[in-house]
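Trainee: Please take me closely through one part of this model, the sheet and the helices that lie across it, and then show me how the rest is put together.

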Amino acid sequence: MDNRQDSWRLGLDIGGTFTDLLLVRGTDGRMVLHKVLTTYPDPAAGALTGLCELLDLAGLPITALDEIVHSTTLATNAIIERRGPRTGLLITAGFRNLLDLGKEQRYDTYDLFLPYPEPLIPLALRREIDERTLADGTILRGVTPAQVVARVRELVEDGIAGLAIVFLHAYVNPANEEAAAATIAAHFPNLPLSLSSQVAPLMGEWKRASTTTADAYVRPLVDSYLAHLAAHLRQMGFAGRFSLLLSDGSAASPETVRRYPIRLLESGPAAGALAGAAVGRRLTAQPAFGFVGDDLLAFDMGGTTAKACLVEGSRPHVGQGFEAARASRFRRGSGLPIAVPSVDLIEIGAGGGSIAYRDELGLLQVGPQSAAADPGPACYGLGGDQPTVTDANLLLGYLNADYFLGGRLRLDRDAAERAVGRLAVALGLSPSVCAWGIHRVVNENMAAAARVHVIERGHDPRRFTLVASGGAGPAHVAGIARLLGAPRYVLPMGAGALACLGDLDAPYALTLERTHLARLDSLDWAAVQAVVADLIATARRHLLDAGIAPERIHLDLAADMRMVGQVHHIRIPVSREELQEGRSSALCARFHRYYTQLYARSNPAMPLELVGWRVTAQGLPPETPPPSIPSTDTPDPSPAQKAVRPLYLGEASGCAETPIYDRAALAAGMVLTGPAVVEEREATALLLPGDRGVVDCFGNIVVTVAAV
Amino acid sequence: MSNPVLDPAGLQIIWSRLISISEEMFTTVWRTAFSPVVAVVQDHGCEILDAEGNCLAHAPSSMPAFNLAMPVVTRAVLARHPATTIQPGDVFVTNDPWLSAGHLPDLCVVTPVFKADRVVAFCATIAHANDIGGTNDDRRPRTVYEEGLQIPILKLYDRGQRNDTLFAMIAANVRGPAEVIGDLEALVAANEVGARRIAALLDEYGLTDTAELSAAIQARTEQAVRHAIAAIPDGIYRASTQFDALTEPLTLAVTVTVCGSNLTVDYTGSADEITPGGINATLSYTRAQTFYTLMCALAPHLPHNEGSLRPFTIVAPEGSILNCRFPAPVNLRLRSGWHLNTILFAALAEVLPGRVMAGSGFLAAFQARGKRPCGSDFNVPFFAGGGQGASEGRDGRAGYIYPSTAAGMSVEVFESCTPLLIHSKAILPNSGGAGRWRGGPGQRVVVSLLPGWKAPVELLMTPDRMTCPAPGLAGGKPGAPVRVTVNGCTPAPDSTFYQAGYVTLATPDDILVWDLAGGGGWGDPAHRDLAASRHDREQGMIT
């Protein structure tokens, strides 16, 4: 096959366990997928081997590749596993213990002995500098170059590979940090530096210091990894564009990443969230589904954890920060705050390997402890004897013992029965009610977390379409959709390796914010227009520099607003016309509408205040590829049916013979009616009774939840 | 659907939903609040109660002292307004210290939840108002009348109609009324969010009320707590301590009696209520602090509700400092109530080692007050944590804010709203109590006016643990006490510091050095591991 005329793009996602690679041809959307184990200590080695295998599989030379977009959990794992090199810190005199004290908040009311993460930089590698900037930006004391050199020399002799500089109030005036950096650069030209005024220029010394030290900590690793990967790709003959996926779900050049390596931290989860957006765009391209950029909840459930992320329009919701390396799993407050824009997702301990048990109240609980991959669920037959979600799903008939991971792992039904049976006895339940309970409790855990997450961001979960991914997502999404009151869910093709699709959909984007405090009733619109015009110009220039054509740049404008005197604000979208015409009343009305949706009531008599403006510029993602699976005129799915087996679907329905379909044999236009199971190699999907799923022309199943 | 309430899977599901609703209420409060003490420090709590006023669930981050007060207030509302007379749209408020959280700034708002014209539950929220009127000098009041505005149980909203008379009355009696009124509205909104969610939850599960659900939740929790108590050997466990009080140390004493799965706490032997100065605790507050401390030691991972409380009897003699009579002054009630964890842990140390800790350095705070050049006032709190008490097998942490879930104050945020300069904020070496396991060290905070600042600034502070440091346990040494010096001198007995509870920074040359208390140690210091001592030296914990 001669593909030299074609334009191919590669999505490359390196996760903790698997490395996924996806080739997509621009002309016809043809996809070739490959999955290999992630290699340690050099994940690039496995990825490059996988790339060669994939190119062989597709019969392509590497020169056929126009672009590679790469997401990775490298940086976040380096922090969790503490694989970074010795890193130093310069900090304002008097504050060397900032990293030890943190926020000084106990994140659990009753637990006296809460774990916290160890600082990334030990006390021995921190040095105080006699300098001071005041809250208004006045320099009270400048830095003394001799002192800076002497302190840094000590640290260099101690073997540091990177240095963070965190001076108080540097977010207002970076002069002292910059002066110190210039001095250091003159004396130690090879020492990489991370300045708090550049990495996270915001008020609040703990968050800024935590973010800056993490940036310095991962910098040497990210630097050498990127250099290594780029060199090998060049050697192999790759001449296209190489981009990385940032935490906020935008693509960026390696140069940008090397300037702010901390922005790579949530790259992996961002790919998963973008994958949900990618599926949404494919649905929007098919008018028959009446799906016009609706809000989505990207729902990913793997072996140990489940994640959910809002996708508004076509973009995953981006928050102002997250916590890395939580010392107490999944608990807010137990991690290192990282204040950079990141896809805003929740993660809970709910996966296929989550262990079910009887708690001290005598109730059924599931997770967050997980049997993980080793020993794994009891049914793996690898020595695990705790009942897990996967064991329950097997007993309920949802999983096929002979076709797990495409038959690569035979599941042991007897072992699952023994494990779940013991728990059932302890709870006084029948084994099937117990297995059904495990399935429901894990659904509820996920739904509860997702509900709070969605509502905290001012949305109504009943408006959302869920997009399931991960090995366990498709088996649970039907139940979770019901709990959230969501009308629809989507079972995407290749749900087990969807992140690569997200990589390929990532836009080049930049979000800029500026604080601009003013009352709405006396707003100087000319000043606002000037501020916003400046933000827009900067953002556009950034995208033009990245090679995005002007007509493909899309701009979004939002205002942060609150009632005068409030401490927190909410974000209100604003149109360019409203800005140009200075339509205060439109903003006022929208604020109260949003506020009431969020908090049940508002007070229209209160004067309003603008806190700041935000501009997001993004290059539109590439055109949606054309259909990729054969279609049929007859909705009857029986040609794709491979078996029938009994499924347990609750006390009311009991066990029912249920059709099992082969994902690969489905054609566009087929209609599945629940209960039904759809099997593919990496994941098994479940439709509950009454659900109606239509196969779209990309092989996704778009399911309408049965009316209650 | 079969009965979802009693099955161990169904109950788990609906119960966790209640907790997540209370969490959503909690978020609504701080997101919509106007004062930093609520919006940033999150000094508030939210709860869902059944139709009788029994707690079903509270927000995981609720201030501990508030959780037990909300049922007391709700039952008092019911006593005054029987359920049949309560209308949709009614919202009740009170700050009665003998019902609510023990001092006037803690405003409690209670909202009924209706289903088919019947009250089936309540949502309650308490938050610390930034001001409640009265004197700013907590050392001098002789009665609660001097401490601010008292609000008996009144309707804040009557069938949806805002009670403008009451709002005007409150606004006229507090400093910074916009913040106080704004926060009050935040509490009303949070309860309304909760009420809507609860009604929807009951619909979803086809429940007509919360009675059966409440009984199941309480029974399960009670049983689990009884199980934890029964694991303690039957016996009588005693402890007492001296605490600073305001002028000279006073005694707190406790007798804990464990008999099967029942536990009685009796504070007989504690000092009498005292005036002037509002360091008296109401029984409501004493019960809340006692219960909180016992749950930390016995069942920290349970979701708590009315059922957790049933195995306990909590007694304090009427007229004592832990059960003061109206109209005793109460504003500084944490100065007595916060020591209850110290003596309860001490009493149980022998039977629950590893689950209790030695005395802690507490949350330490001052309030900076003065005028800006433009004439406007500022009144900004600074919070930081003392050292944690050590426990069997564990050293204490530094910067441990307890017994509270508040956060420390950011130096940058503080400096951006005051004319003050924090010169340093660092761990204070050698301040953690020695022991086989070391107490958490305190901190040293150094403060002055900004260079060139002309107007004086008052720092309101009545620090605890100055005379009586955090005691050690099982042979461990006490932590270092709090020290306050201005320009190197400790304030004289006749200074404003002792007489009125503040120090003044008059010129930029005045330097305040504030040492926060260390936590007590656990076990004989002679048995401390050498490697641990070396590590302490490397970490600057000891010199």
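Mentor: In chain A, helix α1 (residues 43-58) lies across the strands β1 (8-14), β2 (18-25) and β3, and the helix runs at about 145 degrees to β3(A). Here helices (H or I, at least four residues) and strands (E, at least two) are DSSP runs numbered from the N terminus, while axes are lines fitted to C-alpha atoms, for helices over the stretch in contact, with angles from 0 to 180 degrees between N-to-C directions. Two residues are in contact if their C-beta atoms, placed from the backbone, lie within 7 Å. Please keep in mind that this is a predicted model, in which local features need pLDDT of at least 70 and side-chain atom pairs count only at pLDDT 80 or more, whereas totals for chains, interfaces and linings use all residues. Residues are numbered from 1 along each chain as its sequence is written, and chains are lettered from A and ligands numbered from 1 in the order in which they are written.

The strands just named belong to an open sheet of 6 strands in chain A, ordered β3-β2-β1-β4-β11-β12 with mixed pairing, where two strands pair if DSSP finds at least two bridges between them. Its edge strands, each pairing on one side only, are β3 (31-37) and β12 (251-252) of chain A. Further inside the order, β4 (residues 65-72) and β11 (residues 241-245) of chain A pair in the parallel sense over 4 bridges, and A:E67 has A:R241 in β11(A) as its bridge partner. A second helix of chain A, α9 (residues 267-284), lies across β1, β4 and β11, running at about 115 degrees to β4(A).

Turning to the other chain, 68 residues of chain B are in contact with 52 residues of chain A. On the chain B side, α1(B) gives the largest share, 14 residues, and the residues of that side divide into 32 nonpolar, 22 polar and 14 charged. In this count Ala, Val, Leu, Ile, Met, Phe, Trp, Tyr, Cys and Pro are nonpolar, Asp, Glu, Lys and Arg are charged, and the others, Gly among them, are polar.

Within chain B, the domain assignment, which is automatic or from a database, gives domain 1 (8-219) and domain 2 (357-543). The C-alpha centres of these two domains of chain B lie 33 Å apart, and 11 residues of domain 1 are in contact with 11 residues of domain 2.
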